[in-house]
Amino acid sequence: MTATNGRPAAGSDAGTGPGEGVGTGAGSGLGRDDTVAAVVRQWRSVHPALDTGPMEVIGRINRCAALLQQSEDAPLRRAGLSRPEFDLLGALRRTGHELTPSELAKETFSSGAAVTKRLKQLTERGLVERRGDARDRRVAHLRLTDAGRDLVDGILPEQLAYETAVLSVLAPEGQGELAGLLAELLGRLEGRMGALRA
């Protein structure tokens with residue numbers, strides 16, 4: 001990204017016409033041949049004066065996420081799990097201790113109602129077990145069963161192998177640079193969202 005966060009730098013000729021003068025940073029993506037570049041060219045044809053730089057970043061992040069999730073869900077489907085269900089099991093496995101439903105909701109960026117529904121299904125399958133709180137009967141503590149832990153540990157290597165294969169199209173230094181940029185963006189977004197919730 002440029003110092004202008006994906007917008008053309010001052011003095012660039014971005015916005016002079018559809019597909020022309022795309023500027024620097026995120027705008028340089030118009031020279032590429034992907035689905036987002038085609039979408040951006042179409043928008044520039046309709047609204048040539050608008051800065052489509054943010055669309056080139058956010059659009060590609062969203063498109064990559066959608067494609068990755070479609071492929072990554074294959075081993076989950078074979079195990080009879082949805083992605084959100086696996087995220088719950090993964091949270092219980094990686095934290096290494098019991099979590100309440102509200103803590104699980106925070107860990108997985110899910111609503112309380114969604115977590116409750118998924119936990120019911122996972123409990124019925126014998127993957128998660130619930131323990132009541134001795135001091136507050138309204139609170140439940142959740143942990144993986146042996147079957148749940150074995151399932152997560154069995155699927156995770158396959159997921160990581162797939163992700164390694166996907167990222168192999170980028171050189172190691174490119175992967176590091178991308179990870180750093182995404183970390184910076186995520187940190188800023190999380191900070192902003194936290195400030196808005198406060």
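At what angle do α3 and helix α6 (residues 146–167) pack? I started my notes there, working from a predicted model.

**Entry 1: α3 against α6**

I looked up the pair and got an angle of about 110 degrees, with the axes of α3 and α6 10 Å apart. Angles from 65 to 115 degrees count as roughly perpendicular, so that is the label α3 and α6 get. Next I wanted the residues that meet. From α3 I wrote down Arg-83, Phe-86, Leu-89, Gly-90 and Arg-93. On the α6 side I have Arg-149, Leu-151, Val-152, Asp-153, Ile-155 and Gln-159. Sorted by class, the residues of this α3–α6 contact come out as five nonpolar, two polar and four charged.

**Entry 2: α3 against α4**

Then I turned to α4 (101–108). Its axis and that of α3 are 10 Å apart, and the packing angle is about 100 degrees. α3 and α4 are therefore roughly perpendicular too. α3 brings Asp-87, Leu-88, Ala-91, Leu-92, Arg-94 and Thr-95 to this contact, while α4 brings Leu-104, Glu-107 and Thr-108. My class tally for α3 with α4 reads four nonpolar, two polar and three charged residues.

**Entry 3: α3 against α5**

How do the axes of helix α3 (residues 83–95) and helix α5 (residues 112–124) cross? I find a crossing at roughly 80 degrees, and the two axes come within 10 Å. That makes α3 and α5 roughly perpendicular to each other. The α3 residues in this contact are Pro-84, Glu-85, Leu-88 and Leu-89. Facing them from α5 are Val-115, Arg-118, Leu-119, Gln-121 and Leu-122. I count the classes here as six nonpolar, one polar and two charged.

I cross-checked my lists for α3. Leu-88 is in the contact with α4 and also in the one with α5. Leu-89 touches α5 and turns up again opposite α6.

**Entry 4: Phe-109**

Which residue other than glycine has a positive phi, near 55 degrees? I found Phe-109 with that value. I noted the background for myself: most residues other than glycine have a negative phi. Phe-109 sits in the loop between α4 and α5. I also checked whether Phe-109 is buried or exposed. Its relative accessible area is 73%, and anything over 50% counts as exposed, so I put Phe-109 down as exposed.

**Entry 5: the second largest pocket**

What lines the second largest pocket? I wrote down Ile-58, Ile-61, Leu-182, Ala-183, Leu-185, Leu-186 and Leu-189. The volume I have for this pocket is about 190 Å³. Two helices, α2 (53–78) and α7 (172–197), each give at least two residues to the lining. The largest share is from α7, with five residues. I went through the lining by class and got seven nonpolar residues, with no polar and no charged ones.

**Entry 6: the whole chain**

I finished with the overall layout. The protein chain has seven helices and two strands. Reading from the N terminus, I get the order α-α-α-α-α-β-β-α-α, which puts both strands between α5 and α6. Of the 198 residues in the chain, 27% are buried. I also looked at contacts with a separation of 6 or more: residues 24 or more positions apart account for 49% of them.

Methods
Residues are numbered from 1 along each chain as its sequence is written. This is a predicted model: local features need pLDDT of at least 70, side-chain atom pairs count only at pLDDT 80 or more; totals for chains, interfaces and linings use all residues. Side-chain values use heavy atoms; hydrogens and water are left out. Axes are lines fitted to C-alpha atoms, for helices over the stretch in contact, and angles run from 0 to 180 degrees between N-to-C directions. Helices (H or I, at least four residues) and strands (E, at least two) are DSSP runs, numbered from the N terminus. Angles under 35 degrees count as roughly parallel, over 145 as roughly antiparallel, 65 to 115 as roughly perpendicular and the rest as oblique. Contact means heavy atoms within 4.5 Å. Ala, Val, Leu, Ile, Met, Phe, Trp, Tyr, Cys and Pro count as nonpolar, Asp, Glu, Lys and Arg as charged, and the others, Gly among them, as polar. On a 1 Å grid over the protein atoms alone, a cavity is a set of points where a 1.4 Å probe fits but cannot get out, and a pocket is an open set with protein on both sides within 12 Å along at least five of seven lines; lining residues have an atom within 4 Å of a point. Grid points are joined across faces, edges and corners, and a volume is the space filled by probe spheres set on the points. Buried means under 20% relative accessible area, exposed over 50%, partly exposed in between (1.4 Å probe, protein chains only).
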